[in-house]
Amino acid sequence: MNHSPSAHPFLGLSGPWLQTILMVLAFGIFSWTLYRRLGLLRRGKRAKRLDRPLHRMAWTWVYGILQIRQFKYPVAGVLHMIIFFGFLLLLLRSCLLMLEAYFGGVSEVGAVYAWMKDAAALAVFLACLFALFRRVFLRPSRYSDRLLPEHHSGEALVILIWILAILGSDAMFEAAGQALLPAEEGASPVAAGLSGYLEGMGQATLLQVRLSSFWLHNVLVLGLLCYLPLGKHFHVLLALPNVFLANQEPKGKLREAAEAGQAFEDLEQVGVGKLFDLNWKDLLDFLTCTHCGRCTDQCPAYATGAPLSPRAFTLQGRKLAYKSQPIWKQTNGNPDFWESGFSRDGLWSCTTCGACEEACPVMIEYVDKFVDMRRFQMEIGEVPEELQKPLQSLERRGNPFGKARLRAHPFLNSEKVPLVSDAVAGESVGDLYFADSAALYEPRANQAAVAFLELAHLAEHPLGSAWSKEVDSGHDARRFGEEGLFQELRDRNQSWLTSLQPNSVVVTDPHGLNALKYDYSQDLPVLHAVELVELWLQEGRLQVSNHQESIQVSFHDPCYLGRRGGIFEPVRRLISSLPKVELVEMERNRSWSFCCGGGSLNLFREELGQQRMAQYRLAMALETGADLLLTACPYCLLNLEDAAKSSNLQSWLGVQDICEFVLSRVSPENTHEKEGVKA
Amino acid sequence: MKVMVCLKQVPDAGEGEAFLQQVGEEVQVACDDWVLNEWDGFAVEAAVHLIEEHGGESMAVSIGDEAVEGVLRRALAMGVDQAWRLQPDSNSADDSMRLAHSLMGAALTWKPDLIICGAMASDSGNGLVPGILAGKLQWPFVALATGLKWDGKSFLVRHEIHQGMESLEKIGAPLVVSAQSGLNQPRYVSIRGIRRVAKREIPMKNMADLSLSPLQNHVELVDLKRRFPPSGAHAEILQGSPQEQISQVIQRMREQGVFTS
């Protein structure tokens, strides 16, 4: 073509030469930056993230390409989708324009693509304009972070304007081409429209407009490439790899303290103390973060004013990583993680609820990192004072409450739930109820457990118990980083579990559920009480009375039942099968549930926010107008009920364990029948 | 610098669990849960911290049979460099003179610059040993320390004196200090830490090893009787549900004229 930049020199250089110089420069800078940035990963510890490649590809398609997590935040999500898919189309265009400098006319590939490209460009253009408007005027709260001194919106604005400039320069290049040679076929509709405004310009001026827009476009595109690894838009390059390499273990499973084949006790060092004690994938997480703040927006610790923000943690980690390996300077040593500005109080404020990980669109992991950092702190003895006592109680008495075994609530010793600790070895003891510490040593949690056992009795489902051998599951000892203590508790429980050989284990504490499923090594079916109660109702083994008052209830999903255990729907089915009971969901339900403050050791830790998480959660429940807030975890029950008591809201909103509630709705006939049978 | 800490193993009285039993005329300790005396924990932390900061060596000693190795191991796990178990002097039981005598032997043998003891023992309620030990060694003694530092030449010890006042002393080595609560926050000892020292050899030292001759002219301490104190006449335990108990408390307070309106 006549008016191709390939045929006209610009700034005294021929098209191919100018383009070559630009490309060499840009790719040179880009490769070096990338080399330095990705070189950081080599300094991290090992991690295996290439297992099950097909599964990972499917996963990447769903979470990386289709980005289904984006829609949890609809406005930002839709904008992102438009810009993402628009850009994919425009990427081809930009590549063609690079080639245009060598081969005149190569960028004109027909009307269909021109239309598609124009539609994409227009959509991206409008999306960017709206995104700009949103950043500048609407300012969603999640874009600021009280734990980050610097505001990151500036960078977002630069990029949005940059994209607009790329689109604009391309349009101008085409429009000038149209004005020079109006009869061309397959012209872009936008260009055709814009060219009208250029009428009346001389041919020489038009050519200059065309050439300068062309080169501006190419400089902007190549410049953007160089800019990507320097800021939050590194995610454009890293999001897909990070999603592909994401943790594929079950959600409740923790990273092991020692690699396979290594004994925990023989480790030279435990956990993460310095930056490069993290593994390479942890570091990739830091590099990939988009600053979107969904994690922090969901974090219960942040919401209640505690000094923890997952986003701030990641960005502080990234800053520290970049500082220890600058792009143009010598590489520095392995800094202590605290140098990043992340605080010990922040570290201990995490309840491991996992809300942050559920929200992150690029699958950044937090809990494993925090636990690994806590493991190191445990090892050097830097443990919050208030945790020391319950930890020592776990060590000496096998429960965090420090109660002697003779203080255990003896409910399990009744006729209804026979003690099976003396079962003959090799003979199955049937289904076993694993009480865990709360039900055994905490009176209120004990009541809830009794309600469940009562239901089991009514449904004629025999359950045994080995409470006299039980020690705490160790779930939270592990999550607070006391791996050695966890292993000791686990081994003690596993030794009797192995000798009793139950068919399945039933728990009322979701932490126990998670521990038995993912922390322990024996292969046993583990069920939560709600799953059984739902089954009993379905099978008619429990009769529910129709002659009860109508009631509205809301349900608080315990983190380790729902988000971690994936048990959401059995609870809903259970509640909806009860006559005259209406379930009104809180806005944050199921995987978006808001942690009550945490179980076990969390009970002893003073929350550092202005408000307790449970109070915050209770306010959400009050908004539903429900009469009763149900839950299915002894610790949720304790935290939420305490919050109701301390805010004097008991008369507005009762708090009950779901088993207690079901028991209160069971028809008297059901009870009588059973009594009759017994008599 | 060489720092020696003296440890005692005591029954775990945590959570108010009963560990004392009246057997006839006697009160016996019925406990299978033995722990490091709370004040001795402060002493160990202070010793480990001083050595971490200024270099040197620390040692923990305890008097008793193999059972006391538990607390010595805890001290090792906290970071003390070595531990000695001292063989008890015949029928010494809780006789502070005899205990101090053994500890003196250890001190004269190992030659520390500083000895730290807990201010008292939580089971017997005694706090005599550090003072007697200092007297026997003819070393200076600072009781109830709430702060302890080394400035390169001498120790700076903050300690409690009467009427809530504190005094700051500057004393050179050697020195005996008794650790009061508030001196520090003992570090947490992970199970892994304890397991890692589980197989460490803890040498036992008898009188001969410590070049000790038996105590001369010692007046034996005779334990006459132990009993629970009789309940006083003015104590009453309120009965009923929490609500009822609260009403009763309010009723009593009203009767006593606590409320003016």
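## Surface of chain B

Chain B exposes roughly this much to solvent: its accessible surface comes to about 14100 Å², and carbon and sulfur atoms own 52% of that. Keep in mind that this is a predicted model. As for what is tucked away, buried residues make up 43% of the 261 residues in chain B.

Charges come next. Chain B carries 24 positive and 33 negative charges, and the mean positions of these two sets sit 6 Å apart.

## Fold and dimensions

On the secondary-structure side, chain B has 6 helices and 13 strands. If you're setting up a box, the C-alpha atoms of chain B fill one of roughly 70 × 45 × 45 Å along the principal axes.

How much of the contact map of chain B, counting separations of 6 or more, comes from residues 24 or more positions apart? Those pairs account for 69% of such contacts.

## Where chain B meets chain A

The size of an interface is often quoted as the accessible area lost when the parts come together. For chain B and chain A, the buried area is about 2100 Å², with carbon and sulfur atoms giving 38% of it. On the residue level, chain B puts 20 residues into the contact, and chain A puts in 27.

How many salt bridges link the two chains, chain B and chain A? The count is 6. One pair to pull up in your viewer is R74(B) with E395(A), whose side chains form a salt bridge at 2.9 Å, N to O.

Note on methods. Residues numbered from 1 in each chain as written. Chains lettered and ligands numbered in written order. Predicted model: local features only at pLDDT ≥ 70, side-chain atom pairs only at ≥ 80, totals over all residues. Heavy atoms only, no water. Helix = DSSP H or I, 4+ residues; strand = E, 2+ residues; numbered from the N terminus. Buried < 20%, exposed > 50% of the residue type's maximum accessible area, 1.4 Å probe, protein only. Contact = heavy atoms within 4.5 Å. Areas by Shrake-Rupley, 256 points an atom, 1.4 Å probe, with all protein chains shown as cover. Lys, Arg positive; Asp, Glu negative; His and termini not counted. Charge placed at Lys NZ, Arg CZ, Asp CG, Glu CD. Buried area = accessible area lost by both parts, 1.4 Å probe. Salt bridge = Lys/Arg side-chain N within 4 Å of Asp/Glu carboxyl O.
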